[in-house]
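Open the structure in your viewer and get ready to click along. We'll go stop by stop, picking a selection and then looking at what is there.

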Amino acid sequence: MSRVQRITSANGRLKNLMNQTDNRICADCGARDPKWASANIGVFICLKCCGVHRSLGARISRVLSVQLDEWSDEDIDAMIEVGGNSSANAIYEAYIPEGYSKPGPDSTHDERSRFIRSKYELQEFLKSSLRITSRKSSASIQSSFSTKILDSFRIKSSKEPETVVEYIGLLKVKVIKGINLAIRDMMTSDPYVVLTLGKQTIQTAVIKSNLNPVWNVELMLSVPQNFGPVKLQVYDYDTFSADDIMGEAEIDIQPLITSAMAYGDPEMFSNMQIGKWLKSQDNALIEDSIVNIIDGKVKQQVSIKLQNVECGEIYLQLEWLPLDQ
């Protein structure tokens with residue numbers, strides 16, 4: 001097939017997808033006749049929402065024009081597998097808590113930005129309990145959402161029988177700040193933090209030109225029955241080359257979860273210490289990490305000295321959320 005034939009074929013498939021009823025309005029604000037799309041998330045969006053998506057960065061939302069950009073077969077396949085704006089929103093807008101309202105076509109930029117960042121970057125509206133089933137056909141609507149959703153929820157299923165992943169709870173990780181991070185550019189770095197648990201990968205935003213960044217952002221990880229440590233990595237964002245590693249560490253979440261399960265409902269207890277992760281030569285702790293019940297919630301402050309790098313510290317707060325909350 002020639003390049004012209006391939007482009008013609010791709011354009012035809014894209015047009016058919018755009019003609020779906022739910023794809024005729026913006027996935028984020030409901031504006032009619034969207035002419036842009038987030039290829040890795042799988043939604044069609046309007047020009048105003050497109051600007052916010054671009055500000056998230058291509059790692060979260062890779063924006064393409066349906067009229068001006070050349071689409072690859074892989075991009076269109078991913079959009080088709082998602083199933084359209086309604087299918088995507090069934091995941092990304094599964095639960096919108098009080099204090100949030102979905103923007104409309106006439107909403108301000110700030111209103112759009114707050115909602116879209118909460119929806120895709122922070123993933124605040126996802127279902128709190130996830131039971132994922134994979135089949136050989138890989139026909140699930142979740143098979144090719146954004147990279148974060150894909151890494152979080154899809155289980156390799158090309159030649160495997162049906163597999164069920166049982167989740168026991170949610171881990172809320174508040175990435176607070178970094179101190180004295182390594183220099184990877186001329187005199188500074190553009191750091192961001194990546195957290196990995198099993199097949200799930202989530203990350204903070206990039207903070208430009210800052211060796212002592214403050215994120216204060218909360219990220220969510222679903223915890224399976226057979227969980228291991230959370231892997232933490234810090235990277236320096238580069239526009240024209242691969243991002244440089246700025247250190248890494250492993251976070252043992254066993255003390256948090258074991259303590260929380262031993263005490264049951266934390267709302268029945270006053271503020272108290274219930275567990276501890278001890279500093280040792282085998283971990284990256286700066287000091288002992290205490291598990292506390294604070295105002296009816298199980299939380300743990302963690303201070304990490306980054307490994308395999310010349311310098312750098314990361315400060316976190318963990319919170320355990322059982323699935324019945």
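How much of the protein chain do buried residues make up? They account for 49% of its 325 residues, where buried means under 20% relative accessible area, exposed over 50%, and partly exposed in between, with a 1.4 Å probe and protein chains only. Before you trust any detail, know that this is a predicted model, where local features need pLDDT of at least 70, side-chain atom pairs count only at pLDDT 80 or more, and totals for chains, interfaces and linings use all residues. Residues are numbered from 1 along each chain as its sequence is written, and side-chain values use heavy atoms, with hydrogens and water left out.

**The whole chain**

Switch to a cartoon view: the protein chain has seven helices and 15 strands. These are DSSP runs numbered from the N terminus, with helices (H or I) of at least four residues and strands (E) of at least two. Now turn on the surface, about 16,400 Å² of it accessible, with 49% belonging to carbon and sulfur atoms; the areas come from the Shrake-Rupley method with a 1.4 Å probe, and for residues only the protein chains shown count as cover. Among contacts (heavy atoms within 4.5 Å) between residues at least 6 apart in sequence, 61% join residues at least 24 apart.

**A three-strand sheet**

Select residues 36-38, which are strand E1. E1 belongs to an open, antiparallel sheet of three strands in the order E2-E1-E3. Its edge strands are E2 (43-45) and E3 (63-65), each pairing on one side only. From one strand to the next, the twist averages 35°, taken between axes that are lines fitted to C-alpha atoms (for helices over the stretch in contact), with angles from 0 to 180 degrees between N-to-C directions. Strands count as paired if DSSP finds at least two bridges between them; E1 and E2 have three. Click alanine 37 and look across to phenylalanine 44 in E2, which stands opposite.

**Helix H3**

Next, select residues 73-82, helix H3, and show the side chains of its buried residues: Asp75, Ile76, Ala78, Met79 and Val82. Seen down the axis of H3, they fall within an arc of 160°, so they line one face of the helix; that arc is of the directions from the helix axis to the C-beta atoms. Just after H3 comes glycine 83, with a positive phi near 100°.

**Aromatic pairs**

The whole structure holds four aromatic pairs. Rings of Phe, Tyr and Trp (its six-membered ring) pair if their centres lie within 6.5 Å; planes under 30 degrees apart count as stacked, over 60 as edge-to-face and the rest as tilted. Show tyrosine 192 and tyrosine 235: their ring centres are 5.8 Å apart and the planes sit at 20°, so this pair is stacked. Tyrosine 192 is in strand E7 (residues 191-197) and tyrosine 235 in strand E10 (residues 230-236), so the pair ties together parts 43 residues apart in sequence. Tyrosine 192 is buried, at 4% relative accessibility.

Then try tyrosine 263 and phenylalanine 269, with centres 5.4 Å apart and planes at 75°, so an edge-to-face pair. Tyrosine 263 is partly exposed at 31% relative accessible area, and phenylalanine 269 is partly exposed at 30%.

**The last strands on the tour**

Select residues 289-294 (E13) and 297-305 (E14), antiparallel strands joined by four bridges. Asparagine 292 stands opposite lysine 299 in E14. The two strands form a hairpin with two residues between them, and aspartate 295 in the turn has a positive phi of about 55°. Finally, add E15 (residues 313-322), which pairs antiparallel with E14 over eight bridges. Valine 302 has leucine 316 in E15 as its bridge partner.
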